[in-house]
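Student: I've got a structure open and I'd like to learn how to read a sheet in it. Can you walk me through?

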Amino acid sequence: MQPEPKPPLSVVVARSLVGAASRLVPRAEREGWQREWEAEIWHRWQFLEGAGAWSVEEGFRLLLCCCGSFADGAWYFARRQSVHERIQEYARSPWACLAALLAPLCVLALATGLPATRQLLMPLPYRDASQLSIISLHSYTTGKESGVRAAMLPEWMEKSHLLAGGGSLAAFNWMELKRDFPAAPVKPLFISVEPAFFSLLGVNVELGAIPKETALLLSHRAWVSLFHSDRQLVGGNIVIQGQPYRVAGVLPERFWFLSRRPAIYFVMPHLPDNRVMALARAKPGVTAAVLEKELVSICRQDGFTVSATQPHAISLGDALTAPVFSFAIAVVGGLVCLVRLGNLRTALRRDLRVAALRRASFFAAKCAVALSAVFGAGLELSRGESSILLPRMDSASGPGVAWLYLLCAMGVLLWAWADQRARCRVCLRLLCFPVRIGCPGCLLLDWAGTELLCSEGHGVLHVPDMVVSWDNQADRWIALDDSWRDCFTHAE
Amino acid sequence: MGDSIKLSHTAALILQTVDQGCRYGFDIMDTTGLPSGTVYPALRRLESEGLIDSKWEAEKDALAEQRPARKYYRLTRSGAQVLLQSQKRYPLLEKLSAGRPRA
């Protein structure tokens, strides 16, 4: 046969379609099937070419004809095995394992929208957020955070060299107002702030203006959920605790501060509380720990420090990402557990010899998906809508969740390793057809255990009932060569 | 075998087309106007039921004409019996391709 002339694009695409559809045809019949289709494509193209009738329309018709190769391949696929066998075969495949792990993650994402995870992944909605820290008073006896003395703030402003100049410290405080908005779907958060608070965060209002005198600013969510996005509200008054307050503006939709809850900010020139939390902006490159050190030393100079309590600075970014570190520590703990309990070192040495890149990728993907599901579920459950993202108030970074993460991470990693051992070393399908072999009482120079087989005929796994002193391998993989292929033609 | 098989109208049409000399899939498609996704699975099913059989043309013949070898289909004896039954069942079938000579 003389060399084929350069085929037009439609012929190339038609051949690709047939090639893709051939994946549905069992391997034993694939070559003949593909040859038949390709011969038909060639003849159609050459016949029309020879007759001078080849055109773009004919190329398109040929492509449409070749789409039928999928239906033809599907006929072979449907004939190959019973539905039950096919489901079993699919359930053993590595893809089914990954799909089963991804499914709860997708359900969780669809059901909840993963608000806490999105909050974690999105950048903080403040200008130069890495320079911002929250200053509170940490008690070493109770472990609780409370407000620092309001009188300390001017001292810090005056004496600190690490704060970013004038207006780099603003007081705020939570307000407990229980009677207002009882019908609101989510209880709003009431926060009293100084006017400098918003300029410190680098946030501007969406509607209205930031007030200089006492007035209210609404978070976008509070404006929508409590006041039905009423634009007339800005400039008007609302009554809280029997007192009328002017609504000066609405904050941008993306803005949130320490909680996703709808928030009402009471902007006051001077907070009435003796103890307040402080928002600080440090100079670029100054960490929260360094800032804390300086603020503590200023307190000591002024004689403000009590031995059991001390000002504590935490950066806003750290407050948000604290659960990530708890989880990372849990994963490391799980890996240590896996190395100790899973006899991983000897298994890895043996495994690496068996061309393990694909196996390692599958193991990594399996662990990553399962650990992500655990972390996502833990974060969404512990960091609910009402939580406030400060370490001592945020249950997502508390010890309970950290222990839960540790147990789950250990469980996931041990399961992933056990699942890995029970899979074919070549195609990663779960091994099947377990057969008991030998007598457990006759271990002297004999072997007792279970043999598992790859349904594709790649090999057999010997799993001993107990590891004997003369053969300390936990399980042994025996690859089957091509001479066994005929026994597994049903699998193709 | 052939006595117990009842074909659909489409399968009977394809069987008749093969009987009338259309020996490969694209030819059957052109004659019947049926899409490839119908014709090819029907050919497989008819072949698995023994109503038609297929044969690759000799490789040397194809090489001599500098083209790839083609797979040809033809009616079996039981296929011919089933076709006769189908023509009684679907009287319009014979008229549909009456103009085309038998192979």
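Tutor: Sure, terms before anything else. Two strands pair if DSSP finds at least two bridges between them. Helices (H or I, at least four residues) and strands (E, at least two) are DSSP runs, numbered from the N terminus. One caveat: this is a predicted model, where local features need pLDDT of at least 70 and side-chain atom pairs count only at pLDDT 80 or more, while totals for chains, interfaces and linings use all residues. As for bookkeeping, residues are numbered from 1 along each chain as its sequence is written, chains are lettered from A and ligands numbered from 1 in the order in which they are written, and side-chain values use heavy atoms, with hydrogens and water left out.

Student: Okay, which order do the strands of the open sheet have in chain A?

Tutor: In general, strands of a sheet pair through backbone hydrogen bonds, either parallel or antiparallel. Here four strands of chain A form an open sheet in the order β13-β14-β15-β16, with antiparallel pairing. β13 (432-437) and β16 of chain A are the edge strands, each pairing on one side only. From one strand to the next, the twist averages 20° (axes are lines fitted to C-alpha atoms, for helices over the stretch in contact, and angles run from 0 to 180 degrees between N-to-C directions).

Student: How many bridges join β14(A) and β15(A)?

Tutor: Five, and strand β14 (residues 449-453) of chain A runs antiparallel to β15(A). To see the register, find A:Thr450 opposite A:Val463 in β15(A), and A:Glu451 opposite A:His462. The hairpin of these two strands has five residues between them, and there A:Gly457 takes a positive phi near 80°.

Student: And what about β15(A) and β16(A)?

Tutor: That antiparallel pair has four bridges, with β16(A) covering residues 476-479. A:Gly459 stands opposite A:Ala479 in β16(A).

Student: Why is β15(A) called largely enclosed?

Tutor: Buried means under 20% relative accessible area, exposed over 50%, partly exposed in between (1.4 Å probe, protein chains only). Five of the six residues of β15 (residues 459-464) of chain A are buried, so the rest of the structure largely encloses this strand.

Student: Which residue between α9 and β8 of chain A should I check for its phi?

Tutor: Try A:Ser229, in the loop between α9 (220-227) and β8 (237-240) of chain A. A:Ser229 isn't a glycine, yet its phi is positive, about 55°. A:Ser229 is partly exposed, at 33% relative accessible area. A:Gln241 is another non-glycine with a positive phi of about 55°; look in the loop between β8 and β9 (243-250) of chain A.
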